[in-house]
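Welcome to a short set of exercises. Take each task in turn, try it on the structure yourself, and then read the worked solution.

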Amino acid sequence: MNELLKVENLQKTFNMHEFNEKQIIGCNGISFLLNEGEFIGITGKSGSGKSTVLKSIYRTYAPTGGSIHYKSEQFGPIDLVKATDREMIAIRKHEIGYVSQFLNVMPRITAIEVVAEALMEMGKGSEHAAAEAKSILAHFNLPSSLWDSYPRTFSGGEKLRLNLAQAMVKRPKLLLLDEPTASLDDASKISVKEMILQLKTEGTSMIGIFHDLDFMETVVDREYSLTQGVLKDEMTV
Ligand SMILES: Nc1ncnc2c1ncn2[C@@H]1O[C@H](COP(=O)(O)OP(=O)(O)OP(=O)(O)O)[C@@H](O)[C@H]1O
């Protein structure tokens, strides 16, 4: 199997300047391998560092130690801990997607524009992009009455489905999923599962955090358990 991502001894410590330089450990000593086309689920109790690991890979958080070796299409082998901001912007635009429940879009851009713009960033023409955007929003059961609305006012589940559509429509090389089924009803969970399985067959590698462990076990290839920010266990599921 071809290795896509190698996380070695990853550490993120937060320095709380407003609290007398108190330090909080987000994650520590995390090491794992992700192969091309593979899906790893990360589990662990609340506060154990699951989101911190994903945000460190996406570089929302700047890691304070360790390395994240990634095989980039644009830059070749690269350590995401040391990548420049310019490299990270290009990698996020074309290679690595990140989905959470929290909306991360510009104000005054409609739902359909959010998805169509993601496609245009990947080189699609505007007409094709608009048609494909409608099709993926329909797949995720986002009511067509919302397609021309601003996502700021969407419910939690609607925002999440838009985030999923925006990230998945790009067919990223690596997709980071932070609670992609939180606040979704059963029909929407099925849509998410179908899209995950489709991306897997197309070769997308994924790392996901799930509260719904039953759902997780239907989509992941391997599972890592984190406890208090330390990688404890690895098993094949
Ligand atoms: N921006 C931040 N500033 C300070 N501390 C943070 C920050 N982000 C996370 N932490 C701390 O790092 C630790 C790990 O948080 P993280 O969100 O990664 O946990 P988690 O396993 O994803 O939790 P949950 O399952 O509850 O979402 C926690 O103690 C948290 O308070």
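## Exercise 1: The ligand shell

Task: Which residues are around the ligand, and which elements give two or more of them?

Solution. Start with the residues of this predicted model. Around the ligand you should find F14, I24, G26, G44, S46, G47, S48, G49, K50, S51 and T52. Next, assign them to elements: strand 2 (22-35) and helix 1 (50-58) each give two or more residues to this shell. Helix 1 provides the largest share, with 3 residues. Finally, sort the shell by class, and you arrive at 2 nonpolar, 8 polar and 1 charged residues.

## Exercise 2: Confidence

Task: What is the average pLDDT of the chain, and where does pLDDT stay under 50?

Solution. Begin with the whole chain: the average pLDDT is 89, and 95% of the residues score at least 70. Then look for the weak stretch. Over residues 230-237 pLDDT stays under 50, and for this stretch the model has 21 contacts beyond four places in sequence. For the complex, the predictor gives an ipTM of 0.98 and a pTM of 0.91.

## Exercise 3: Helix 3 and helix 5

Task: How are helix 3 and helix 5 oriented to each other, and which residues make the contact?

Solution. First take the geometry. Helix 3 (residues 111-121) packs against helix 5 (residues 156-168) at an angle of about 20°, and their axes are 8 Å apart. Angles under 35 degrees count as roughly parallel, so helix 3 and helix 5 are roughly parallel to each other. The crossing of helix 3 past helix 5 is right-handed. Now list the contact: helix 3 brings A111, V114, V115 and A118, while helix 5 brings L162, A165 and Q166. By class, the residues of this contact are 6 nonpolar, 1 polar and no charged.

## Exercise 4: Helix 5 and helix 6

Task: What is the handedness of the crossing of helix 5 and helix 6, and which residues make the contact?

Solution. Helix 6 covers residues 186-201, and its axis and that of helix 5 come within 12 Å, crossing at roughly 15°. Helix 5 and helix 6 are therefore roughly parallel to each other. Their crossing is left-handed. On the helix 5 side the contact is made by G157, R161, L164 and M168, and on the helix 6 side by S188, V192, M195 and L199. The contact of helix 5 with helix 6 divides into 5 nonpolar, 2 polar and 1 charged residues.

## Exercise 5: Helix 3 and helix 4

Task: At what angle do the axes of helix 3 and helix 4 cross, and which residues meet there?

Solution. The axes of helix 3 and helix 4 (residues 126-139) cross at roughly 125° and come within 8 Å. Helix 3 and helix 4 are therefore oblique to each other. Helix 3 passes helix 4 in a right-handed crossing. From helix 3, A111, I112, V115, A116, L119 and M120 take part, meeting S126, A129, A130, E132, A133, K134, I136 and L137 in helix 4. Sorted by class, this contact has 11 nonpolar, 1 polar and 2 charged residues.

Notes: Residues numbered from 1 in each chain as written. Predicted model: local features only at pLDDT ≥ 70, side-chain atom pairs only at ≥ 80, totals over all residues. Near = placed C-beta within 6 Å. Helix = DSSP H or I, 4+ residues; strand = E, 2+ residues; numbered from the N terminus. Nonpolar A, V, L, I, M, F, W, Y, C, P; charged D, E, K, R; others polar. pLDDT = per-residue confidence, 0-100. Contact = placed C-beta atoms within 7 Å. Axes fitted to C-alpha atoms, helices over the stretch in contact; angles between N-to-C directions. Parallel < 35°, antiparallel > 145°, perpendicular 65-115°, else oblique. Left-handed = near helix turned anticlockwise from the far one by under 90°.
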